[in-house]
Amino acid sequence: ADTASDVEKQLFLINSVSMCPVFQDVHVMIFIGFGFLMTFLKRYGFSSVGINLLLAAFGLQWGLLLQNIWHMHDGKIRVSIEKMINADFSTATVLISFGAVLGKTSPVQLLIMTLLEITIFCINEHLVVEILNVSDVGASMTIHAFGAYFGLAVARVLYRPGLRNGHENEGSVYHSDLFAMIGTVYLWMFWPSFNSAIAEPGDPQLRAVINTYFSLAACALAAYATSSLVEKKGKLDMVHIQNATLAGGVAVGTCADMDIQPFGAMAIGITAGVISTVGFKFLTPILASKLGIQDTCGVHNLHGMPGILGGLAGILAAALGKKDGVSPGYQACGLASSLGFALVGGLITGLIMKIPFWGQPPDQNCFDDSIFWEVRQNNEYVNAIL
Amino acid sequence: ADTASDVEKQLFLINSVSMCPVFQDVHVMIFIGFGFLMTFLKRYGFSSVGINLLLAAFGLQWGLLLQNIWHMHDGKIRVSIEKMINADFSTATVLISFGAVLGKTSPVQLLIMTLLEITIFCINEHLVVEILNVSDVGASMTIHAFGAYFGLAVARVLYRPGLRNGHENEGSVYHSDLFAMIGTVYLWMFWPSFNSAIAEPGDPQLRAVINTYFSLAACALAAYATSSLVEKKGKLDMVHIQNATLAGGVAVGTCADMDIQPFGAMAIGITAGVISTVGFKFLTPILASKLGIQDTCGVHNLHGMPGILGGLAGILAAALGKKDGVSPGYQACGLASSLGFALVGGLITGLIMKIPFWGQPPDQNCFDDSIFWEVRQNNEYVNAIL
Amino acid sequence: ADTASDVEKQLFLINSVSMCPVFQDVHVMIFIGFGFLMTFLKRYGFSSVGINLLLAAFGLQWGLLLQNIWHMHDGKIRVSIEKMINADFSTATVLISFGAVLGKTSPVQLLIMTLLEITIFCINEHLVVEILNVSDVGASMTIHAFGAYFGLAVARVLYRPGLRNGHENEGSVYHSDLFAMIGTVYLWMFWPSFNSAIAEPGDPQLRAVINTYFSLAACALAAYATSSLVEKKGKLDMVHIQNATLAGGVAVGTCADMDIQPFGAMAIGITAGVISTVGFKFLTPILASKLGIQDTCGVHNLHGMPGILGGLAGILAAALGKKDGVSPGYQACGLASSLGFALVGGLITGLIMKIPFWGQPPDQNCFDDSIFWEVRQNNEYVNAIL
């Protein structure tokens, strides 16, 4: 009996910290991954990584509160590593939407967006996952598609005709593209942890790791191949590599813990990589010019379409019986609900953010850190290197 | 019986590597976190990350030796992951002090400082933790306050009147500030591992993770808000964001494993974020002009004051009975001892470092890698980008 | 009985994910470590980190297939975390060889190299580890020496007389050297995971972690000291620090899980650090001028000589009985086999890569991203900072 209780105690101790590495991986994706991915803009790196930290630090507290206020014990929320992972997840939606409006919003506007978006996310997620019992372990629908279309709806409301012909700061320089690659590579490496973090322990969790790994590997190759095909002289474009290589992680999210086999995961990854790259090349300019949606980071290509693809793949996998107890009809409802909440929520949030009170930067100061940060004069910089 | 021994064997195998992830997190903080945090200077990045690696690689061997030479078995030290974590901790004191004298010392001076500071750290830590039985799980007092005031004492002795009016290289450029943010974000993310690494497994360890997480989240918001309040036109200052967002990790260290509840942790974090930012804005210039303490990285604001705050919070928490067996009186002794050893040890170490033999750079070569590193001529750099 | 099966189930769940942290560490070394280590070239950062990602994403699929196609169950490969680690390992050989030909090859050439090199690696590894039963836990011989000499053989075949006097882009700028340090520090920190990843769980694994840790710490000091000794005025050279600090991880690989004690590990590390630094300073220029081997990253110094040193140390340790069941003769065969396969395989692969069809860049476009990537014009960059 003594030995038995000893073993149980040891198991308890091991279990209490066994989720920490997964939590840290997700944490790295949120703060380093998203933060540095957005540093590609030549004069907007401070805001990308700095405001990313601000929004995530705020959002995880708000998300933790909202997700658990309904399940209190003696008036207290019991915090656990798993809940901290879920809080990180809720901030991911905001950071995705941040990408759509990057460079064109003030910190105050973004804090308001954080407050509203996480609230709406929690409602939709509760509906989809708890009530409709939809399977979305890697959150293709509830995080990625939701975050992307929420952000695009906000971007539509905040449309700036003055930026129709672009902005001189809306582009990268050599080293800013390298900083962005730090974000890309971390997201790429740790995505298996993201998609498996809340999977059922054991085989389903392991399957989520492995499916995501295969989807990403196949997606990366597809993104390189497609980038080379659509660019002049077969060159590669950094924008595609920084983003489309990750679309496989988004798209395999819903199916990650299902029995889709490596072949299924890779098919999803390849499709996502192609769609995403083609989207950056051809669709983003059309969205901007025809629909008035100026999507700075191209979240439609990285999170939007691949998120929908993930939802569709989940419907198909459910129809093929790849996971017990999952029905294609409910999966479809989950996708529709996520898109509906995102678009309506984003429009309302955008209207609130448009109130001329939150310090939105004028057109000429867009994509420029110096409006919100103390930045040393540029000529000092040149002096420094001369 | 067979099954039982099988289980025990498996538990042993799992236990033997279960601390590795925590060790790696601490390792990342030491080498990436501290190393890149200090790359903010425009011409001192090689030294920041390179000398950081040198001092830490040297310090962890010295620390491991000193901490264990008293506990040998058959003339041998038994190395374990836990001891490697403690060795990393001992180097942290040196890297904190390094921040105070960054740019104004030679590698040889710094190696001497490493040798002496880790020795004094081990004496103080043994006294405080082993003899006085003081609780300081995240080492607010024994590492952060100690390292900061040790470094400030050294900086006082090495005071340079010639740098009274600043130095043209004592500042950042755009991309050097982004490199520094790599350090900041890693420190911010992994601080829960730092504060919980040597906590008692089980609930206390988990509590240390969660308290630190809350303290940091609250601290980050406080730092952003305060930075915006104290700067002109409500702008943010990169120096504050890079440093003050981390003060919550320092300040909650002593109490991290105590039953202070998220509210207590957040109160500590907010206080630390405010104090730290205000310190950077108003106190650092005064320290330099009135007291002759030129604190390059502002370690007084990130580690000094928040470390003392952590010690005081520990005294209060002990008085409120937040941890069994901890007495406010002994906690106060631990803080006093750490400050005393730091100041006296730092003064003596500074005097030894001042001996004109260790290659201390002249004023005009301060904050410039090219005195200790082969650096390609600057005009070559401009040629490269033209 | 219920409790027993509960415990077993829990142990199974814990075991199924317990290798994930080690896998992630190795993954970080492959994608961040190797990727950023090679960004030191001033105009070749996109290719370094981007082509590194391409080759690794392709290579891990190819490696996983090749290593497991012989062990199928019902026509299927059973994927596990351990196999994913081995797949990462097989890509490491390619990324090492990539360093030797960095800047002088097209992506298509490199994909061909990946295909062939991993195939040859699998044959040699099967022969050495499975058939000859050679002990090479950290793969000093089968990965590092193999990858280095394979790459050097390819570089010999692809010799470019036009680059005899160097190339204006074959050098670093200030910030490119800092990006490279990200790679260096990650490799340095996580090497203990690399060398212990496939060690036997329990004591041997822990020993591999600790031996590697000591070897690296000692190696770093040796590299700094030697760099300072061989450079003018005692200055440090970034090339040495970026590379030679890691040679201890390479060299201790074969012996990592053997009972060599910290003293043995440190002796290996110091030797490796000295050899590697001296190699960069004196041997690399001779290889280029006398033997026609233009080794861009100096892989001969980081992986080649330290890999051989590791093999020799393994022979010695086997002779001294530091691991049961390991014979010095077979160890020597393992080293010879790895070198033989590398040189012959590399020569053949180089000849195939030389076929004038794979888009090999002309001399004047070497070391320049703009031949394979859309790069904004340089003057735009200067405009951006002016």
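In this predicted model, the largest nonpolar core comprises 347 residues, and the residues with the most contacts inside it are A:Tyr186, B:Tyr186 and C:Tyr186. Apart from this core there is a second, separate one of nine residues, which includes A:Val7, B:Val7, C:Leu11 and C:Ile14. Returning to the tyrosines, B:Tyr186 touches A:Tyr186 and C:Tyr186, and its contacts also include A:Val28 and A:Ile32 from chain A as well as B:Val28, B:Met29 and B:Ile32 from chain B, with residues up to four places away in sequence left out of the count.

The arrangement of the chains can be described by superposition: a turn of 120°, with a shift of 0.0 Å along the axis, lays chain B on chain A with an RMSD of 0.0 Å. The two copies are therefore related as by a three-fold rotation axis. Among the residues of chain B, the one that comes closest to the rotation axis is B:Pro21, whose C-alpha lies at 3.7 Å.

Within chain A, A:Leu102 is found in the loop that runs between α4 (81-101) and α5 (107-131). A:Leu102 has a relative accessible area of 0% and is therefore buried. Although 64 residues separate A:Leu102 from A:Met38 in sequence, their C-alpha atoms are 8.1 Å apart in space, and A:Leu102 touches A:Met38 along with other residues, among them A:Phe40, A:Tyr44, A:Thr296, A:Cys297 and A:Phe367.

The surface of chain A offers another view. There A:Leu343, A:Val344, A:Ile348, A:Ile352, A:Ile355 and A:Phe357 form a nonpolar patch, with about 560 Å² of accessible area together. One of these residues, A:Ile352, belongs to helix α13 (residues 328-354) of chain A, and A:Ile352 counts as partly exposed because its relative accessibility is 31%.

Definitions and conventions:
Residues are numbered from 1 along each chain as its sequence is written. Chains are lettered from A and ligands numbered from 1 in the order in which they are written. This is a predicted model: local features need pLDDT of at least 70, side-chain atom pairs count only at pLDDT 80 or more; totals for chains, interfaces and linings use all residues. Side-chain values use heavy atoms; hydrogens and water are left out. Copies are superposed by least squares on the C-alpha atoms of residues with pLDDT of at least 70 in both. Patches are made of residues with over 30% relative accessible area and no salt bridge: like charges are joined within 9 Å, nonpolar side chains (Val, Leu, Ile, Met, Phe, Trp, Tyr) within 5 Å. Accessible areas come from the Shrake-Rupley method with a 1.4 Å probe; for residues, only the protein chains shown count as cover. A salt bridge is a side-chain nitrogen of Lys or Arg within 4 Å of a carboxyl oxygen of Asp or Glu. Helices (H or I, at least four residues) and strands (E, at least two) are DSSP runs, numbered from the N terminus. Buried means under 20% relative accessible area, exposed over 50%, partly exposed in between (1.4 Å probe, protein chains only). A nonpolar core is a set of buried Ala, Val, Leu, Ile, Met, Phe, Trp, Tyr and Cys residues joined through side-chain atoms within 4.5 Å. Contact means heavy atoms within 4.5 Å.
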